[in-house]
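Reader: I am new to this structure and should be grateful for a short guided discussion of its packing and its charged pairs.

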Amino acid sequence: MARVILMTDFAEAYARRLLHGIAQFAKNEHEAWSLSRLSVSVKEKVGIQGLVDYAVATHTDAIIGQFDHSDDLELFKEAGIIVMAQDFRQRFIDIPNITANHFEAGKIAAEYFLKKGFNSFAFYGPKGVVFSEERCEGFRETVKRIRPEATVSSLLVTGNGIWGYDMDELHAWLNYLPKPVAIMASDDNWACYITELCQMMRYGNPRASFRIPEDIAVIGVDNDESICKLSDPNLSSIDQDVEKAGYKVAKMISAMIKDPGMAVDNVYVKPGNVITRQSSDIFVNDDPYIARVLKYIHENLNQKLYVDDIVSQVPLSRRLLETRFRAKMGTSIYSYIKNVRVEKMAELLKNGMSVSEAAFDLGFGDVKNISRIFKSVKGVSPSDFCK
């Protein structure tokens with residue numbers, strides 16, 4: 001049996017999904033784990049020493065929490081308690097972190113918006129916070145690498161707390177951005193600040209308001225449905241495999257209890273696909289024929305699509321359409337269709353579909369063929385993708 005304290009913000013889906021992963025490990029191993037849930041505010045009330053005293057009194061084996069670098073975490077180690085940091089403001093060096101490849105999340109968002117034809121991009125989030133700054137870097141670098149001529153702006157906010165924001169500052173920035181613009185926010189909370197402001201403007205001063213997604217398309221990170229579906233319009237977001245990370249955390253803690261001197265490393269949460277909702281459900285292109293083609297492709301992903309079918313949607317020759325498409329999208333029509341279908345299949349697999357079910361849903365009759373195409377894009381087979 002292991003007793004673990006989780007000191008985090010359980011109002012967020014991220015923390016609850018982490019807890020579920022830990023509980024799943026205990027269930028699979030047929031072990032009776034005691035999981036104590038504490039609010040982050042407890043630390044402010046009793047201090048680190050108070051937390052250590054509580055952990056010792058309750059025979060706690062490990063604590064996972066949102067810690068600051070000013071916290072004296074050596075006190076836990078001296079008491080023989082395993083301590084792990086949930087990604088918060090910055091990573092720790094001397095204890096393991098539950099963190100993520102935040103740069104990769106930024107890359108995923110950039111590629112998603114690039115496929116939709118945007119030429120204006122922006123990032124919004126807090127400054128001095130590791131997940132925000134690394135996601136911003138991944139977003140910016142990916143856009144500039146794939147589409148050097150695109151504009152990329154960012155608003156990294158300092159000031160009233162990690163979750164605070166200045167409404168007037170945000171409005172002025174949104175007003176300044178070239179439209180239409182694709183905005184990645186550091187997480188769902190910060191994305192919701194944008195949709196809330198636009199909603200307030202829509203009802204308060206419609207002439208000065210920004211339309212979502214026509215003027216501003218926005219996505220967050222974490223796919224917290226309680227936030228995404230409260231947003232008006234509903235918020236698109238990058239899902240993350242938090243449960244799997246929680247499982248790995250529990251496995252590490254179990255091993256560390258048995259071997260306190262073992263070498264440990266960070267546990268990484270893997271970013272997944274963009275879950276598209278209304279806030280980013282649009283295709284943008286200053287070439288109306290390319291915009292029409294993009295819309296047709298995405299509305300017919302569950303059908304067999306051939307380039308000739310695409311050509312029939314516009315009054316252009318195949319050669320001229322191919323030339324204009326490559327100039328605007330940076331790839332051929334065939335390659336674009338292939339990549340989009342693979343991304344859609346990856347999303348279906350992440351949502352629990354089997355390979356054969358996902359292939360059927362996308363209109364593929366030959367599972368072997370889609371497996372070959374999937375591997376050529378993702379580098380792994382569909383069956384290995386979700387492992």
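The exchange below treats helix packing, nonpolar cores and salt bridges in turn.

Author: This is a predicted model, in which local features need pLDDT of at least 70, side-chain atom pairs count only at pLDDT 80 or more, and totals for chains, interfaces and linings use all residues. Residues are numbered from 1 along each chain as its sequence is written, and side-chain values use heavy atoms, with hydrogens and water left out.

Reader: Is α10 roughly parallel or roughly perpendicular to α12?

Author: Helices here are DSSP runs (H or I, at least four residues), numbered from the N terminus. Helix α10 (residues 288–299) packs against helix α12 (residues 318–329) at about 85°, and their axes, 10 Å apart, are lines fitted to C-alpha atoms over the stretch in contact, with angles running from 0 to 180 degrees between N-to-C directions. Angles under 35 degrees count as roughly parallel, over 145 as roughly antiparallel, 65 to 115 as roughly perpendicular and the rest as oblique. The orientation of α10 to α12 is therefore roughly perpendicular.

Reader: Which helix supplies the largest share of the largest nonpolar core?

Author: A nonpolar core is a set of buried Ala, Val, Leu, Ile, Met, Phe, Trp, Tyr and Cys residues joined through side-chain atoms within 4.5 Å; buried means under 20% relative accessible area, exposed over 50% and partly exposed in between (1.4 Å probe, protein chains only). The largest such core has 33 residues, and Leu321, Phe325 and Met345 are among those with the most contacts inside it. At least two residues each come from α10, α11 (307–311), α12, α13 (333–350), α14 (355–361) and α15 (367–378). The largest share, nine residues, comes from α13.

Reader: How many residues apart in sequence are the parts that Glu243 and Arg17 tie together?

Author: A salt bridge is a side-chain nitrogen of Lys or Arg within 4 Å of a carboxyl oxygen of Asp or Glu, and the side chains of Glu243 and Arg17 meet in one at 3.2 Å, N to O. Glu243 is partly exposed, with a relative accessible area of 30%, whereas Arg17 is buried at 14%. Because Glu243 belongs to helix α9 (residues 242–258) and Arg17 to helix α1 (residues 13–28), the separation of the parts they tie together is 226 residues.

Reader: Which residues do salt bridges with shared partners join into one network with Lys43?

Author: Lys43 forms a salt bridge with Asp71, their closest N and O atoms being 2.8 Å apart. Both Lys43 and Asp71 are buried. Through shared partners, the network joins Lys43 with Asp68, Asp71 and Arg89.
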